[in-house]
Structure formats: structure tokens, C-alpha cells
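This report describes one protein chain, from its overall makeup down to single residues. Look at the sequence and the model before reading on.

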Amino acid sequence: MTPRQLLSPQARAALFDPPTDVRAIVRHYTFSIEDVSLIRQRRRNTNRLGFAVHLAYLRFPGRVLGPKETPPAYMLAFIADQLRIDSNDFGDHARQRWATRREHLGELQAYLGLQPFGRPDYRTMARIAFNESIGTDRGEAIVGAMVAHLRQNSILLPSAAVLEKIALVARARARKEA
């Protein structure tokens with residue numbers, strides 16, 4: 001039996017994927033001098049570009065780039081252009097050691113002041129989803145409120161499935177109480 005999904009593929013992409021709109025890419029992914037300085041500390045262009053893409057994903061949409069995930073082409077080109085690196089170097093990043101990836105993510109989380117999603121956040125998300133479910137039945141609004149709270153509080157987004165599961169339970173509870 002497949003798990004129930006609260007979000008349409010379009011809604012999931014809008015909440016959890018990086019933007020594809022040129023203005024949004026420029027707004028979210030223009031690096032500061034401090035960002036570029038941190039990125040330039042990597043030894044090779046492949047590591048610099050991979051590190052920069054991880055930085056971009058952690059900043060917005062606020063989640064970790066998947067191990068086999070490739071960012072949108074225009075976003076990748078925009079980031080590579082800022083660093084004066086060939087965007088094709090990102091392909092080599094996929095072969096990066098797991099330990100290096102983990103080190104980069106730890107360093108970036110500290111740099112950005114991000115916290116991982118944990119048990120206390122689960123309870124907070126359940127409360128937010130329940131309160132939102134009282135006013136609407138729309139999954140996008142419920143999960144959107146949860147995502148907004150996580151971003152405002154510098155907490156990494158868990159997978160869409162985790163937030164959908166919390167939202168489904170909270171919506172069912174709100175319906176029952178209504």
C-alpha cells in the first residue's frame with residue numbers, strides 16, 4: 001500500500017525544490033564576499049562548486065542536496081559564474097567521498113547557524129499543522145505553514161514525506177475535533 005500524499009507534485013516542488021525563476025535565483029543565490037571567501041577555501045574547483053551548491057540549498061529551500069540530485073541548470077550556471085568555475089565541474093562532485101560531503105555540510109550548517117530537524121521540532125510541527133488544519137483542508141497551506149516556521153527558525157527541512165505525514169495526522173485530528 002502506498003502512503004497517502006497530501007501535496008501534489010507541483011506543490012511539493014514549490015515548497016522543497018530550488019526556484020527556477022531567474023529573479024528568484026538571483027535573489028536567493030547571490031553570494032556575499034564572506035560566502036565567496038569561505039567557498040574559495042576549498043582546494044579544487046569541483047569541491048568549490050559542490051560546496052557552493054550545498055550552501056545555496058541550505059540557504060534556500062533550506063534542505064540538504066540529495067546525494068544523486070542535480071541542481072537546475074540555470075541555478076548551477078549562475079553559481080558557477082559567480083565563482084568563475086565551469087558548471088561541468090559539478091559532475092565530478094557526485095563522486096566526492098561521503099566523509100568530505102559530511103564535513104562540508106557540518107561546516108555550512110555552523111556557518112549559516114542551522115539546526116537539524118529533531119524530536120522537539122516534530123511536536124512543534126504537529127501543533128502548527130493542527131492549528132492550520134482548523135482553518136483549511138488544503139495540504140499545501142498546512143505544509144507551507146510548517147515550512148515557513150522551520151525556515152524562520154533556521155531549522156533544516158526534513159523530507160517532504162515527514163512533513164506530509166505530520167500534516168495528515170494533524171488534519172485528521174482537526175477534522176475529528178470539528
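## Contacts around Met146

Two residues are in contact when heavy atoms of theirs lie within 4.5 Å. Leaving aside neighbours within four places in sequence, Met146 is in contact with Met125, Ile128, Ala129, Leu163, Ile166 and Ala167. The model in which these contacts are found is a predicted one.

Met146 is part of helix H9. Is Met146 buried or exposed? Met146 counts as buried, because its relative accessibility is 0% and the limit for buried is under 20%. The C-alpha atom of Met146 is 27 Å from that of Phe51, and 95 residues separate the two along the chain.

## The chain as a whole

How many helices and strands does the protein chain have? The count is 10 helices and 0 strands. Written out in sequence order, the pattern is α-α-α-α-α-α-α-α-α-α. Taken along the principal axes, the box filled by the C-alpha atoms is roughly 60 × 35 × 30 Å.

The protein chain has 178 residues, and 47% of them are buried. Among contacts with a separation of 6 or more, 72% are between residues 24 or more positions apart. The exposed area of the chain is about 10100 Å², of which carbon and sulfur atoms supply 52%. As for charge, there are 27 positive and 17 negative side chains, and the centres of these two sets are 5 Å apart.

## Two nonpolar cores

In soluble globular proteins, nonpolar side chains tend to be buried together. In this model, the largest nonpolar core has 27 residues. Those with the most contacts inside this core are Tyr29, Ile39, Leu49, Val53, Met75 and Ile79. Which elements give two or more residues to the core? They are helix H2 (22–29), helix H3 (33–39), helix H4 (45–59), helix H5 (73–83) and helix H7 (98–112). The largest share, 8 residues, comes from H4.

Another core, of 24 residues, lies apart from the largest one. Its members include Ala145, Ala160, Ile166 and Ala167. Ile166 and Ala167 also appear among the contacts of Met146. Back in the largest core, Tyr29 is in contact with Pro18, Pro19, Ala56, Phe60, Pro61, Met75, Phe78, Ile79 and Gln82, leaving aside its neighbours within four places in sequence.

## The loop between H4 and H5

Pro61, one of the contacts of Tyr29, is located in the loop between H4 and H5. Most residues other than glycine have a negative phi, and most peptide bonds are trans. The peptide bond from Phe60 to Pro61 is cis, with omega near 20°.

Arg63 is in the loop between H4 and H5. Its relative accessible area is 12%, so Arg63 is buried. What does the side chain of Arg63 reach with its polar atoms? One polar atom of this side chain is 2.5 Å from the backbone oxygen of Phe16. The side chains of Arg63 and Glu69 are joined by a polar contact of 2.6 Å. Not counting residues up to four places away in sequence, Arg63 touches Phe16, Asp17, Pro18, Tyr57, Leu58, Glu69 and Leu157.

## Positive phi at Arg84 and Ser154

Arg84 lies in the loop between H5 and helix H6 (90–93). The phi of Arg84 is positive, near 60°, and Arg84 is not a glycine. Arg84 is exposed, because its relative accessible area is 73% and exposed means over 50%.

Ser154 is found in the loop between H9 and H10. Ser154 also has a positive phi, about 55°, although it is not a glycine. With a relative accessibility of 28%, Ser154 counts as partly exposed.

## Asn153

Where does Asn153 lie? Asn153 is in the loop between helix H9 (139–152) and helix H10 (160–177). Its relative accessible area is 41%, so Asn153 is partly exposed.

The side chain of Asn153 reaches the backbone oxygen of His149 at 2.8 Å. Asn153 and Gly113 are 40 residues apart along the chain, and their C-alpha atoms are separated by 9.8 Å.

How values were computed. Residues numbered from 1 in each chain as written. Predicted model: local features only at pLDDT ≥ 70, side-chain atom pairs only at ≥ 80, totals over all residues. Heavy atoms only, no water. Core = buried A, V, L, I, M, F, W, Y, C linked by side-chain atoms within 4.5 Å. Buried < 20%, exposed > 50% of the residue type's maximum accessible area, 1.4 Å probe, protein only. Helix = DSSP H or I, 4+ residues; strand = E, 2+ residues; numbered from the N terminus. Polar contact = N/O pair within 3.5 Å; in protein donor to acceptor, adjacent residues only side chain to side chain. Areas by Shrake-Rupley, 256 points an atom, 1.4 Å probe, with all protein chains shown as cover. Lys, Arg positive; Asp, Glu negative; His and termini not counted. Charge placed at Lys NZ, Arg CZ, Asp CG, Glu CD.
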